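Work through the exercises below with the coordinates loaded. Each one sets a task and then gives a solution in steps.

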Amino acid sequence: MAESPNGMNRRRFLTVLGVTGGGTAALTGCSSDEVEKLIPYLVPPDNQIPGIATWYASTCRECPAGCGLHVRVREGRAVKVEGNPNHPVNAGRLCARGQASLQGLYNPDRVRGPLQRTADGSFEPIAWDDAIARITDTLGPGDPNIRFVTGYESGTFDRLVDGWLAAFGSTGRLVVEPLAHEAVRHASRAVLGIDAVPQYDLAASRYILSFGVDFLETWGSPVHQARAFAAAHGLHDGHMGRYVHVEPRMSLTGMSADEWVAPVPGSEAQLALAMAHVVLRDGLGTPPADAGRFSRLLERADPASAAERTGLSVETVERLAREFTTAPSVALAGGLGAQHDAAHATASAVAILNYVAGNVGRTVLFDDESPRPASAYEDVVRLTEAMRSGEIGALFVHGANPVHTTPGTLGFADAMASVPLKVSFARFLDETAAACDLVLPDHDPLEQWNDYVPRSGTHALQQPVMRPVFDTRQTGDVLLQVAARAGGAAASAFEVADYKAYLEAAWRELQRRLGDRRPFEQFWMDALQAGGVYRDPAVRAVSLPAELVTDDLADSWTVAGEGLALIAYPSPALYDGRGANRPWLQELPDPVTKVTWSSWVELHPETATEHGIAEGDVVELHSAYGSIRVPAYLYPGVRPGTLAVPMGQGHTGFGRYAEGRGANVLALLSPQPTAFGAIGTYVSVTLRVTGEHVFLPKTEGKPRQMDRGIAQAVTLAELEHGGHDDHHALHAAPVPEHIEEILDHWQEQQDDATRYGNYEGEHPRWAMAIDLSRCTGCSACVAACYAENNIPTVGAEQVRRGREMSWMRIERYFEGGEHGEPLETRVLPMLCQHCSSAPCEPVCPVFAAYHTPDGLNGQIYNRCVGTRYCSNNCPYKVRYFNYFDYQHPADPSFAWPDPLHWLLNPDVTVRAKGVMEKCTFCVQRIREAQHTATLEGRERVADGEIRTACQQTCPSEAIVFGDLNDPGSRVSRAAADGRGYHVLEGLNTRPAVTYLKKVRNLAEA
Amino acid sequence: MSAQPSGILASFRFVDAAADAVRRLKDEGYRDFTVYTPVPNVEIARAVGHRASPVRLWTLIGGLTGCASGFALTLWMSYDWPIIVGGKPIGSVIPYVVIAFELTILFGASATILGLLYHSWKTRQAGAYDNRFADDHIGIFVPCPPERREPVQALLQDAGAEEVQFAA
Amino acid sequence: MATIVRQDQITRPTYHEITRDIAATLGSPSRTYYVLLGIVVAVFAVGVGALLYQVRFGLGVAGYTPPVMWGVYITTFVFWVGIAHSGTLISAILYLFRSAWRTAVYRTAEAMTVFAVMTAGLFPVIHVGRLWYAYWLFPYPNQRQLWVNFKSPLLWDVFAVSTYFTVSTLFLIVGLVPDIAALRSTATGWRKKLYEITSLGWRGTDQQWRHYTRAYLYLAALATPLVLSVHSVVSWDFAMSIVPGWHATIFAPYFVAGAIYSGVAMVVTLLVPLRKVFKVERYITVEHFENLSKLLLLTGMIVAYAYAVEYFIAWYSGNPFEQQSFWNRAFGDYWWATWTMILCNGALPLFLFFRKVRRSIPALFVLSLFVNLGMWFERFVIIVVSLSHEYEPYAFGHYTPTWVEWSILAGSFGWFFMWFLLFAKNFPTVSITEVKEIIPLPRKERART
């Protein structure tokens, strides 16, 4: 295997798993130099067949959504995570963050064992028992005023923590989720009298109106919502829903919108109210009987005044209201993209709008029992004050990083200093852990026993898929051990050996509640296999409370003085920053700006010219609370006069990939909680041009497609009137009939001449179809491709040189957005097109690029000399060259520092310096399926049996893969669709990838 | 090379004199004499009266061989392990024309050189030589045994040789 | 021919003087010669160092920025191949045209050809990602049981360039043999031995001349189509691909003209100092330079015409990719390269319409340097600028070379001049035999009168 600098790991790994260096040798593919490290299986474990993967079901804990996982384990080592098809939340799909969870497991910067802070502030290793002793000594008997901060937990561990605190006579529990739903909960309380976050049934809606909710990125359960959105907005036998996005910034979610409405920041509530006003005034749709109770409230909210406040036209307001009531609709509110000081007003107004439109109970649902809500930000503020005043005796932090995710001026870290004992269970030395006295690393979610309840009725299990990589210990066990050692009440509170036993006890209880009569073992085994037990949530009936609490509807947020409105939005890839130490996520181009490895501020080109700013100019943003320096990115998708900065960067710790990268936008935000107790993500700033300039490490060349018809779209109207199949000027230039005949004749001759030997044509013709009306540009496929195909990350410097290796990229093009036309964004996943007449093949002097009999465009790495002619001649620019020796541990550019290289897929070669590589249509999966078929004595592989990594993970199921020679296959049918086209068809490359034009459901003029 | 035969070595300054000498030698029935010139000279060549050099035949054969082997090589190698690239026929003759052409030139040129070496070697004649013949003099060497030297000497002197000597 | 008549009227050197004067150029080298040699070897060493660095860490140390996968190396490859062309042109084509003025300059040109090809040949190897496997491009029986892909223009290159190298080397050697024989007598020490061996026992007998003249004629006849083919093949590396700005039928003639253009320029660059240092002004006269500059003017205008045609066709084709590509050349990020090329290759040569300029050696020298620069940029523009904007706007890129590439480029000049200097001191850079040839041997009649 790649010589791991730390020999201990390797030896322990081998002894524990009795696993072959063969697996490890496979990791570095064909590099022959270290083969002498081969160690055969000494005692083969009976559940391990070398070369055959084992799959375990578990749960993704990268964000609170809690998607189900299937973890692929080879030779005792997790090498790929995929969605669990049976799981109600994600139905087999995953987002980019989920794909990258492996890089949390194998992260080289994980805390490799318990640590304690020394006098000089540095950390030194400590034995587990000593660490536990230190805790018990501090806690002792009585109430030392403990506070326990966790991330969002909804299962057994949640109860354990509460119980444990209780056992020590404390109730100081905090659940810190930076992206919580304070505003929506406030609105539900105020308008409907329910303290819960509603479940929006997007799939059932045909008209979606989002008030700054990024439901395809970070808000709620993105994978679930993406699937639902595809159901609502994708084209189904000629019909599709319409989606309008209301936000000053066009987010990734907004990019999928048919119409983008950019009101004056802070005035969204007025729009919602005015729409409700129109609905009631004109008696549109089917409002519930008691909707009238709002009419007095809505009197003042007439479209005219709303138009004036929001900067939109009266027509727009009226039109939106009409559209909203013509189809089953839903309005969403409460995203961070719109969480200003008046977001509660927006949310309430939207709740009212939904109510008067009769959506509540139809597309806006409330589960009968909603899991414990996360604490509001104001609780964190209180905790900070308490710590500062020295009341807190001990602080425990698990799964949260408040130091980084709260505004800098709150001074959480300083406040921690006055707490006698601070214990972190973090897996990485993040900012909060760095401020603690003890760091007792928890297992990675893939190494531990646990459960999770993403939503009512869904009980998901986590099981260890492999032996822990480092000397870590599950926090549940640590807590139990502390309690046991403390003795007395604490000890007697838990009568269990370890956390697994505690968990099983909880599940016995659950089985009783579910009324399952089977023996527990069976129940347990089935649950493990299925990844949990899934029941449909019971929905609770909703009626207006006797008394409407809507006094704060008039609240609004406005920019202070001459300043500009700045929006701090969560990053689709890095979430609130917890993804920042995953190289895949850092190198994943931001779906909107295509920038990697850094922070930036988005300005509208007009605003930029006003201030004389060009892309890459470093600007200094000043708010009343702080200032940051970030390079500028010119984005037509943000309202003029408004700025936007993503969260997630600017770490001062958290490992080599995150540390000192970009700026933390929270430094600009107010430490004061908003009226509804959350962080206000809008703030007024002034900007100063520093005169400094940097080249943004972005993967994009030109943002406009210069009408080359690469990403094509039609409107629904055109589709209905069949007016869309006009061939693009550059696609198939019209030729005279007799020429056409000659060409066809010539083509036939060519084809005949290529029917030879192996190429007789009995083989399948692998092909792909990508439906652009479903693709949202979320980039999950890109991350999946990195994970499946051992693609190295190259770092910011190389990305600046355009040397990113990503076999699959999401091209993002802007249409319009200039001189008054509405801005439209188009996304197009670009991967090797596996052309029948591939221009890259004939130019290779050594046959490294050639055509396989089953229609793949093969690239033989060990034949490649590296002339790079193929890449020059590839019109799609999907070939990637190894400019450095990313696969060699001794090389400075080694992409998988130990133990990161453990996640390499043994079925895929790791490419050496100086060779060309590209998408293979996941040939390893194709062959695996074919072998399986052969073993089962089947002639052909069944349609849909092979799923490429990108297809497998696509949350909106936009990708179809299969055999084009089989007329019945899904891909053949998709390729025959009227919307189908090939990129750059005019070059006669005859690609295997068919794109289905994006469909835009425009408003009737 | 056999031991140097004895003979008369005459050196001329004037080309017409040398040519004249050559003609008279031929009239007298001498055949195996050698003429040295610093540069190729038509007058001398005409006087000596060789037929055109057979080297051109080598060039022709070499060229044709090259052309043939060019096509043979490319086509055979294409079908030896047939691989489709870019949806083109396995043996695409048109691009192979380039290879065939280059080999035509290569073989043609090499054959010409070989021909040159071979023929110059085959028609080599031993005999006395003087470096001035590479500079500005024309030399004629007539091999003959010592006893029959007078007539030749006379002939050459009369033709206007600058100096005539017997080389043993 | 006018040239020759005029030479007659002035002092026509005798055969002996020619031998003496040209042999004199091989006299023991001066200190400046060693200094020069030292400099070029040093520059070459720098190039080697840069190359080793690149081999160790990978091509990433060069400035390649996808989609620009070819850069300075291929540019320089084409540049040197181009330089190589005028040599064969002068020695072969002008030979067939029987233009007598070539005799004085062809040896230099031919030597330059051989060394230029030797330089050019390095670059494809330097350029590839795994140069230790570069030999895989040759069709030889191997354990992979795989032959090469003869459909790839790169393979054509392999054959064209190696053939060209072989043939031009043979040509040079054949031409040298009689001269070396002429030098045998005067030379001393190891040189004498060297010449005795390399003159292959040449005596200039009637038989030898008989075969020699024929062989030389046929070599010239073969070299003529070769010289036209080689740069056509090089141009097809580009023309056979579908890159906008490359895929054009004009490329072969365009490149051949450009090649001869740059080659003649390089001949001038070499001859000007050479005739001064070697004091052979008597043989390489202003007349020769005027003829060379006429050749420059002609080819230069062909090249300029080709530029014009490229832009016209880009516009006329109505092909938006071509149009964008050429717009980008003229007004895009690389406008400076394009305009340098047009100025040096299109505008400056027009001065050659003035006889004064054609006959002013300093002017010609400066001009030739500009042409060399311009022709390097021509290749840079064609290769880099076309690649930077292809079909996928999302994948447009901007390439800037790094110090590694510049060092290797400089090193190639070191390598070239190293060989040339060594050659010039050990073998006659002016052909003794052929210069004599155009001067009739003395005749008795004329001597009497």
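**Exercise 1. Describe the interface of chain A and chain C by area, contacts and composition.**

Step 1. The area buried between chain A and chain C is about 4500 Å², where buried area is the accessible area (1.4 Å probe) that two parts lose on being put together, summed over both. Carbon and sulfur atoms give 59% of this area.

Step 2. The model is predicted: local features need pLDDT of at least 70 and side-chain atom pairs count only at pLDDT 80 or more, while totals for chains, interfaces and linings use all residues. Residues are numbered from 1 along each chain as its sequence is written, chains are lettered from A and ligands numbered from 1 in the order in which they are written, and side-chain values use heavy atoms, with hydrogens and water left out.

Step 3. With contact taken as heavy atoms within 4.5 Å, 59 residues of chain A touch 54 residues of chain C.

Step 4. Three salt bridges cross between chain A and chain C; a salt bridge is a side-chain nitrogen of Lys or Arg within 4 Å of a carboxyl oxygen of Asp or Glu. Asp891(A) and Arg56(C) form a salt bridge at 3.5 Å, N to O.

Step 5. Between chain A and chain C, 36 residue pairs are in polar contact, both residues at pLDDT 80 or more. A polar contact is a pair of N or O atoms within 3.5 Å; within protein, one must be able to donate a hydrogen and the other to accept it, and residues adjacent in sequence count only if both atoms are side-chain atoms.

Step 6. On the chain A side, the elements that give two or more residues are strand E28 (809-816), helix H29 (869-872) and strand E32 (879-881). Helices (H or I, at least four residues) and strands (E, at least two) are DSSP runs, numbered from the N terminus. E28(A) has the largest share, five residues.

Step 7. The chain A side divides into 30 nonpolar, eleven polar and 18 charged residues. Here Ala, Val, Leu, Ile, Met, Phe, Trp, Tyr, Cys and Pro count as nonpolar, Asp, Glu, Lys and Arg as charged, and the others, Gly among them, as polar.

**Exercise 2. Describe the interface of chain B and chain A in the same terms.**

Step 1. Eleven residues of chain B contact 15 residues of chain A.

Step 2. About 1200 Å² is buried between chain B and chain A, with 72% of it on carbon and sulfur atoms. Ile83(B), Ile84(B) and Val85(B) account for 42% of the area that chain B buries against chain A, more than any other three residues.

Step 3. Zero salt bridges are found across this interface, and three residue pairs are in polar contact. The chain B side has eight nonpolar, two polar and one charged residues.

**Exercise 3. Characterise the largest cavity and the second largest cavity.**

Step 1. The largest cavity has a volume of about 680 Å³. On a 1 Å grid over the protein atoms alone, a cavity is a set of points where a 1.4 Å probe fits but cannot get out, and lining residues have an atom within 4 Å of a point. Grid points are joined across faces, edges and corners, and a volume is the space filled by probe spheres set on the points.

Step 2. Of the 41 lining residues of the largest cavity, Arg61(A), Gly399(A), Ala400(A), Arg427(A) and Arg578(A) are the closest to its centre. The lining consists of 15 nonpolar, 16 polar and ten charged residues.

Step 3. Arg578(A) also forms a salt bridge with Glu177(A), at 3.1 Å, N to O. The two residues are 401 residues apart in the chain.

Step 4. The second largest cavity holds about 150 Å³. Its lining has 18 residues, and Cys95(A), Ala96(A), Leu216(A), Glu217(A) and Cys778(A) lie nearest its centre. H8(A) gives the most to this lining, with three residues. By class the lining has 14 nonpolar, two polar and two charged residues.

**Exercise 4. Locate the cis peptide bonds at Pro899(A) and Pro67(C).**

Step 1. Most residues other than glycine have a negative phi, and most peptide bonds are trans.

Step 2. Asp898(A) and Pro899(A) are joined by a cis peptide bond with omega about 5 degrees. Pro899(A) sits in the loop between E32 and strand E33 (916-918) of chain A.

Step 3. The bond from Pro66(C) to Pro67(C) is cis, with omega near 10 degrees. Pro67(C) is in the loop between helix H3 (31-57) and helix H4 (72-96) of chain C.

How values were computed:
On a 1 Å grid over the protein atoms alone, a cavity is a set of points where a 1.4 Å probe fits but cannot get out, and a pocket is an open set with protein on both sides within 12 Å along at least five of seven lines; lining residues have an atom within 4 Å of a point.
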